[in-house]
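Please work through the exercises below with the sequence and the model open side by side. Each task is followed by a solution that proceeds step by step.

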Amino acid sequence: MYNNFFPAPLKAVIDRFQCYYSARFKRGANPPIKNFKRVGTVIVSGSNARAASDYMTNTLKQSFAVLNGEVTARYLIPNTDIGKYTFNHIELQKFIHQLRG
């Protein structure tokens with residue numbers, strides 16, 4: 001997370017989805033990718049910015065919906081700047097379980 005939103009490298013990847021958006025909305029290929037995919041997001045934040053991670057996840061849901069994908073899981077790792085983060089193994093297992101369906 002950078003300034004409560006996507007870092008530049010992830011934004012660049014999303015911008016490259018443009019050919020798929022064009023395929024769906026200009027050429028009518030619906031969906032442009034035939035195989036459905038489950039998508040998971042891992043968000044690392046220097047603060048406890050749960051509201052920002054919710055906003056980012058909702059934005060990714062919209063982006064991946066065009067690509068025949070669904071964001072089904074999110075794993076947030078907050079407070080990395082102050083060294084108070086911990087890896088919650090139960091949450092990680094839940095994340096993996098949600099991806100498998």
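The exercises go from the overall fold to the aromatic pairs, and they concern a predicted model.

**Exercise 1.** Describe the secondary structure of the chain and the order in which its elements follow one another.

*Solution.* Begin with the inventory, which comprises four helices and two strands. Then read along the sequence, where these elements appear in the pattern α-α-β-α-β-α. Finally, for the overall dimensions, the C-alpha trace spans about 50 × 30 × 20 Å along its principal axes.

**Exercise 2.** Determine what share of the residues is buried, and characterise the contacts and the exposed surface of the chain.

*Solution.* Of the 101 residues in the chain, 29% are buried. Turning to contacts between residues at least 6 apart in sequence, one finds that 73% of them join residues at least 24 apart. The surface that the chain exposes amounts to about 7000 Å², of which carbon and sulfur atoms supply 52%. As for charge, the chain carries 14 positive and 5 negative charges, and the mean positions of these two sets are 9 Å apart.

**Exercise 3.** Classify the ring pair of phenylalanine 17 and phenylalanine 64, and locate both residues in the chain.

*Solution.* The structure holds four aromatic pairs. In the pair considered here, the ring centres of phenylalanine 17 and phenylalanine 64 are 5.5 Å apart and the planes stand at 70 degrees; because an angle over 60 degrees counts as edge-to-face, the pair is edge-to-face. Next, place the partners: phenylalanine 17 lies in the loop between helix H1 (8-15) and helix H2 (18-25), whereas phenylalanine 64 belongs to helix H3 (residues 50-66), so that the pair links distant parts of the chain, 47 residues apart. Phenylalanine 17 has a relative accessible area of 11%, and it is therefore buried, since the cut-off for that class is under 20%.

**Exercise 4.** Carry out the corresponding analysis for tyrosine 75 and phenylalanine 95, and decide whether each residue is buried or exposed.

*Solution.* The two ring centres are 6.1 Å apart and the planes make an angle of 45 degrees, so the pair of tyrosine 75 and phenylalanine 95 is tilted. Tyrosine 75 sits in strand S2 (residues 69-77) and phenylalanine 95 in helix H4 (residues 89-100), and this pair, with its partners 20 residues apart, likewise links distant parts of the chain. With a relative accessibility of 5%, tyrosine 75 counts as buried, and phenylalanine 95, with a relative accessible area of 9%, is buried as well.

**Exercise 5.** Identify which residues form one aromatic cluster.

*Solution.* The cluster consists of Phe5, Phe6 and Tyr55.

Terms used. Residues numbered from 1 in each chain as written. Predicted model: local features only at pLDDT ≥ 70, side-chain atom pairs only at ≥ 80, totals over all residues. Heavy atoms only, no water. Buried < 20%, exposed > 50% of the residue type's maximum accessible area, 1.4 Å probe, protein only. Contact = heavy atoms within 4.5 Å. Areas by Shrake-Rupley, 256 points an atom, 1.4 Å probe, with all protein chains shown as cover. Lys, Arg positive; Asp, Glu negative; His and termini not counted. Charge placed at Lys NZ, Arg CZ, Asp CG, Glu CD. Phe/Tyr/Trp six-rings, centres within 6.5 Å; stacked < 30°, edge-to-face > 60°.
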